[in-house]
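Here's a quick briefing to read with the structure open beside you. Have a look at the model first, then work down the bullets.

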Amino acid sequence: MVDSKQQWKAWLYLSPAIVLLLVFTVWPIINTVRMAFLDNYSGLQAAGGETFSFGIENFTRVVKARRFIDCLRNTMLLCVLTVPISTMLALLIAVTLNSIKPLQKTLQTIFFLPYVTNSIAIGMVFAAMFNIVGSFYGTDRQLVTTAGIINNVINFFSTTFTGKEAMVNWINIGSAYRENIIVMTVYIVWNALPFKILILLGGLQSINKQYYDAARVDGTSRTRVFWRITVPLLSPMLAYVIITGFIGGFKEYTSIVGIFGENMGPANDRDRLNTMVGYIYDALENNNQGRASAAALILFGIILVVTLLNLYVSKKRVHY
Amino acid sequence: MSDENKEIRNDIKAPKSTADSSYAAKAVMSEKDLKKTAAAQTVMQILVKFLVYAFLIIMAIIVLFPFYWMINSSLKTLSEYREVVPTFWPRKIMFSNYLEAYNAANLGRLFFNTVIVGVVSTLLSLVITVLSAFAFARLEFKGKNLLFAGLLATMMIPGELFTITNYTTVTNLGWRNTYTVLIVPFLVSVFYIYLLRQNFLQIPNELYLAAKVDGTSDIKYLWRVMIPLSLPTLISITILKMMGAWNSYIWPRLVANDEAHRLITNGLRNAFKDTTGDVNYPVQMAAVALVSFPLFLVFVFLRKYIMKGVSRSGIKG
Amino acid sequence: MKVVLEHVTKRFPNRDKKVKTEVTAVNDISFEIPDGKLIGLLGPSGCGKSTTLYMICGLQKLTEGRIFFGDEDVTELSPENRGVGLVFQNYALYPHMTVKQNIMFPLENLKGADKLTKDEMLERTLKVAKLVQIDELLERKPSELSGGQQQRVAIARALVKMPRVLLLDEPLSNLDARLRLQTREEIRRIQRETNITTVFVTHDQEEAMSISDQIVVMKLGVVQQMGVPQMVYNDPANLFVAKFLGTPPVNVFRGLIKGQALYIGNEKICDTPGVSDRGVYVGIRPEGFIFNPNGVLTCDFKNVEVMGGAISIVTGHADSESPIIRATVMDEVRIPEGTPSVKFDIKPNKLYVFDKETEERIYF
C-alpha cells in the first residue's frame, strides 16, 4: 500500500540527509577510488590543468615507501599489543566486578571514567607522568631534576628491593623505540578499558545466575567455571570488543599526538611512531591526494580483512 | 525391555555403591574433619574475596591516578613540580596556574568556538536524524530497503577515506576557516539514524494511524508522540554529539586551524606544542584540567545516558 | 541417605535497605526425610519451600539450625562437598555444550581419589542417559530439544555424579499440561530405580500428591503438616492444609458448636462430644456429601455439572465461605430442573472442624 503522498513526503524528509550524504560520503568514496588509480594525482596540479594517467603507481609507491612501512609496522604492533592486553584486563576486571556486591556501582563508575576524556588532553598528562626534566644520558644522573612520577615509582621499588637506581628514558630525546611503544601501549590500554569493561560487564550481567549455581553444586573450580562457562557464554561480547578493538587500533592516531605531539615521536626522531592514519594526513597535507587515497584504500582493505577474519573465527568459536 | 531396564537399574545401583563408599568415607569423617573442611571453605572464600577487592582497588587507583596527577601538578608552583622527590599534594596551592593557562591558550575563545560548533551541529543533526528515522520507520516508499541497506554499508568504511575528498570539496566551496566547515560535513550520522529508527519502530504503528484519522500532521505527531517516547535515545545522541565536538581533532586541524575558529582540542595541542623536556607543566596541566572539567560534569550528571548510548554504539565521540 | 532438618531458620535482609528489619523466609522448621523416599515440598509461592530446598543444597546459608545427611552435619559445608544433585526450575543447561558435554560436566570436576578416566566418564554418561531415555540425543545442543527432553537432560546431569540427595526445584512448571503428567511419572520411575533420596518443590498440590511418598506442606516459612499424601488429605491438621489440598477444593462453612453439637445455620450436623461452645469453620470435602432428601444440611440448588463418571452438584449456602459449594456424587442421582434446594448427609470422615480463632483442627 504505497500511496503517492507518502512517497514524496518520505523523500522530502530524507532530502537533507541524502544531499549531505551524496556530497560528503558517496562522492568521496567514488573520488577516492578514482584518485587512487590516477598515477601521482595531486589536487594542486589537477587545478592547474594537468592530467594524470590511469595506473596503480600510487599503490606501488606507497607500499614501497619506507615511511609507509614504518607506519604500518607501528600500527600493527600497537594493535597486536593493545587489543589482547586490554581485552584480557577488561575481562578480568568485568568478571571480578560482577562477583562483588559492595562497592560494585562505585567501581563501575570509576572504571568508566576514562571514556569521557579527551585523548589529546589526557595524553598530555601521561606525557607529564613519563617525562624527565633535565638531560638524561643514562650515567650522569646529576642532571636529572625531575624524573617523572613513573620513574619515581620504579626507582622507589628498585632501590628498595635491589638497592640499585633504575630510571628509564621513556619519551625524551634519545629514548628507545621499545620504551616509546611501551608508553603508547600503556596509554592506549588505559583508554580502551572503559568501553570494553562496559560491554563485557553488560554481557556478564545478562548471563543467567543459575548456570553458576549449577556449577557450584557440581563443585566446579573457579578457573573451570571461568573457561568453560563464563568465556563461552560471553563469547559474542568478546568477539564484539575484539573486532571493534582492532578497527579502532588500525585507526590509532590521536593518542600518539596526545603523548608525542605532532612530532609523532621523540624530539630527535620525528615521525618515529607515525601510523597509517598519520601517513594519510601527511600525504594529504603535501597535496599528494593520489597516494593518500591509495593508503586509505589499503587501510580499508586491512580493516575489512581483519574484520572478516575475526567474524570467521568467531563463527567457529562463538557459541550460539 | 524389562530385562534391559533391570540391567540399567543394576548398573546405576552398582556404581552408586562405589560412589556411596566415597561418600561413606566422608560420612564417617569425624566431627573434627567436618569442621576442618568447613573452615577451609571459609578461609578460601575470604581469601578470594580479599584478592578480588585488592585487584579491583589497585586497578581503580591506576585508572584514577592520571586524573589525580593532573590536578596535583596543576596546583603546584613550577619549582615544586621540579623537585626530585615529588610531593603528593602541593605545599602551596597555585590557583593562578589556571588563570595563566586560560590566558596562554586563549581558552575563552576556544570554549566559545567549541560550544557554538557543538550546539549548532547537534541541533541540526537531531533534526535531520529525526526526519530520516521517521521516514525509514513509518513511511512507505519505493526503494526504502535498498536505500537503508546502502546507508548501513557506508558505516563499514573508515572516515579517513572520506576526509581526503572532503578536504578538497570544502576548499573548493571556500569553506576553509569557517564554522560551516566544522558543522556541515558531519551532520548526518548513519548510525544515529539507525539507532533512532529502531527506537521509532518499537512505537506501535496504530498510534500513527490514529493520529492520521484525527487529522494530526506528521510534524505534530513527531513532536507530540515520537520524540517524547524516544527521548532517552535522543539524549544519548545529543551527549555523544557534543562530546564529539569537544574531542574532535583531526578534521578541525586540517580545515579550520586559525585563531578565530580553532576548537578546544586543537587549541590545547597548539598552545602547548612541547610534551617532553623542560615544559611548564603546572600551567599545561591546569589547561588540561580546564578542558577535561566540562566532560567530568557531563559524566557525573548524565552517566546513565552515556553508558546506554555507548553500549549500543561502540563509537567514541 | 536420610536428611534431617533441625530448627532451620532463614532470614533475609529487607530488600528496601532503609528498613532495618529482616524478612523471615523460613521459620524454625524441623523434619526428617527418610532414606530413599521421594518427598514433595508443597506450598503457595513465598512459603519458603524453594529457600528450604536451596538450604538443603547448600546454595543458601542457614541463619539458624542444623542440617544432617545421615549422621553427618553438613550445615557448614558448601554444595560441592555435600554430594547433592540439583535440577533447576528452568534447567540451567549450558547452552554452548551438547547434551553429552552437559551431562559429563559434573564428572570432569571430580578431583583426587574420585577422579575418573575419560572412558569411565563416558560410560557413566551413557548409562544415565539411558536411564532417563535421552541416549539418542547426546550430540544435540539444548536449544534443539523440547522442554521435556531438556528436563531429562537436567535430571541426568544431576544424577550422573550419583548424589546422596537429589533436589528438584519446580521440575514440572515449565512443561505443558500433557508433558507434565508424563514427566511426573518419569520422575517417579527414575527415583524408584535409583533409590536416591529425592526432594522436590512444587506449588501444585496435585503434582505433589500424585508422586510423593510423603509431602511437607508449608505456609509463610512454617511447616503445617507432613505425612503420606493420602493421610494428609484425609486428616488435615488445620484449615490451611485442608483448603490447599484437593481438587475441587474443600467446602468451608461458618459453623457453631453449641451444647456439644455442630450447627451450620440452624441445622444440626452432628454431635461433637467433649468440645466446648465456640465459633468454628467446617470443612467438607466434595466427596463427603451424600445426596439424601432427608439429609442434615440444606443447600440452595444451582446446577449440575457432569464430569464423566461422577457429577458435581453445585449449590450455595448462606454460611458458606465461598459463593458456590461443590458436592461430588455418583451419577445415578437425578435432580429436576428448578428444584429450589437439596439436602445432604455428611460422611463423618470427610468433615473437619477448625477453631475460628486459631484455625487449628478440633478433634472429637
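What follows is a short tour, grouped by topic.

Keep in mind that this is a predicted model. For the complex, the predictor reports an ipTM of 0.87 and a pTM of 0.82. In chain C the average pLDDT is 87, and 98% of the residues reach at least 70.

**Where chain A meets chain B**

- Chain A puts 81 residues into this contact, and chain B puts in 72 residues.
- On the chain A side, the top contributor is helix α1 (residues 4–36), which supplies 19 residues.
- Sorted by class, that side of chain A comes out at 56 nonpolar, 23 polar and 2 charged residues.

**Helix packing in chain A**

- Start with helix α4 (residues 66–99) and helix α8 (residues 177–205) of chain A: their axes sit 7 Å apart, at an angle of about 40 degrees.
- That angle makes α4(A) oblique to α8(A), because it falls outside the ranges for roughly parallel, perpendicular or antiparallel.
- The crossing of α4(A) over α8(A) is right-handed, and the contact between them counts 21 nonpolar, 6 polar and 1 charged residues.
- Next, α8(A) also packs on helix α10 (residues 222–250) of chain A, at about 165 degrees and with the axes 9 Å apart.
- An angle over 145 degrees counts as roughly antiparallel, so that is how α8(A) runs relative to α10(A).
- This crossing, of α8(A) with α10(A), is right-handed.
- From α8(A), the contact uses Ala192(A), Lys196(A), Ile199(A), Leu200(A), Gly203(A) and Leu204(A).
- From α10(A), the partners are Leu234(A), Met237(A), Tyr240(A), Val241(A) and Gly245(A).
- Split by class, the contact of α8(A) with α10(A) has 8 nonpolar, 2 polar and 1 charged residues.

**Single residues to look up in chain A**

- Most residues other than glycine have a negative phi, which is the background for the next two entries.
- Asn40(A) isn't a glycine, yet its phi is positive, at about 55 degrees.
- You'll find Asn40(A) in the loop between α1 and α2 (43–47) of chain A.
- Is Asn40(A) buried or exposed? Neither label fits: Asn40(A) is partly exposed, because it has 16 other C-beta atoms within 10 Å, and buried takes 20 or more.
- Met264(A) is another non-glycine residue with a positive phi, near 55 degrees.
- Met264(A) belongs to the loop between α11 (254–260) and α12 (276–285) of chain A.
- Met264(A) counts as buried, because it has 21 C-beta neighbours inside 10 Å.
- Val80(A) lies in helix α4 of chain A and is exposed, with 12 other C-beta atoms within 10 Å.
- Between the C-alpha atoms of Val80(A) and Asp218(A) there are 38 Å, and the two residues are 138 residues apart along the chain.

**Chain B at a glance**

- Chain B has 15 helices and 0 strands.
- Of the 317 residues in chain B, 37% are buried.
- Looking at contacts in chain B with a separation of 6 or more, 77% of them link residues 24 or more positions apart.

**Chain C**

- How many residues of helix α1 (residues 49–57) of chain C are buried? The count is 9 of 9, so α1(C) is mostly covered, by the cut-off of 20 or more neighbours for a buried residue.
- Those buried residues of α1(C) include Lys49(C), Tyr54(C) and Cys57(C).
- Right after α1(C) comes Gly58(C), with a positive phi of about 105 degrees.
- Helix α2 (residues 99–108) and helix α3 (residues 118–131) of chain C pack at about 125 degrees, with axes 10 Å apart.
- α2(C) and α3(C) are therefore oblique to each other, and they cross in a right-handed way.
- In α2(C), Lys100(C), Ile103(C), Met104(C), Leu107(C) and Glu108(C) meet Met121(C), Arg124(C), Thr125(C), Val128(C) and Ala129(C) of α3(C).
- That contact of α2(C) with α3(C) divides into 6 nonpolar, 1 polar and 3 charged residues.
- Most peptide bonds are trans.
- The bond from Thr247(C) to Pro248(C) is cis, with omega near -10 degrees.
- Pro248(C) sits in the loop between α8 (239–244) and β11 (251–258) of chain C.

Methods: Residues numbered from 1 in each chain as written. Chains lettered and ligands numbered in written order. Predicted model: local features only at pLDDT ≥ 70, side-chain atom pairs only at ≥ 80, totals over all residues. Contact = placed C-beta atoms within 7 Å. Helix = DSSP H or I, 4+ residues; strand = E, 2+ residues; numbered from the N terminus. Nonpolar A, V, L, I, M, F, W, Y, C, P; charged D, E, K, R; others polar. Axes fitted to C-alpha atoms, helices over the stretch in contact; angles between N-to-C directions. Parallel < 35°, antiparallel > 145°, perpendicular 65-115°, else oblique. Left-handed = near helix turned anticlockwise from the far one by under 90°. pLDDT = per-residue confidence, 0-100.
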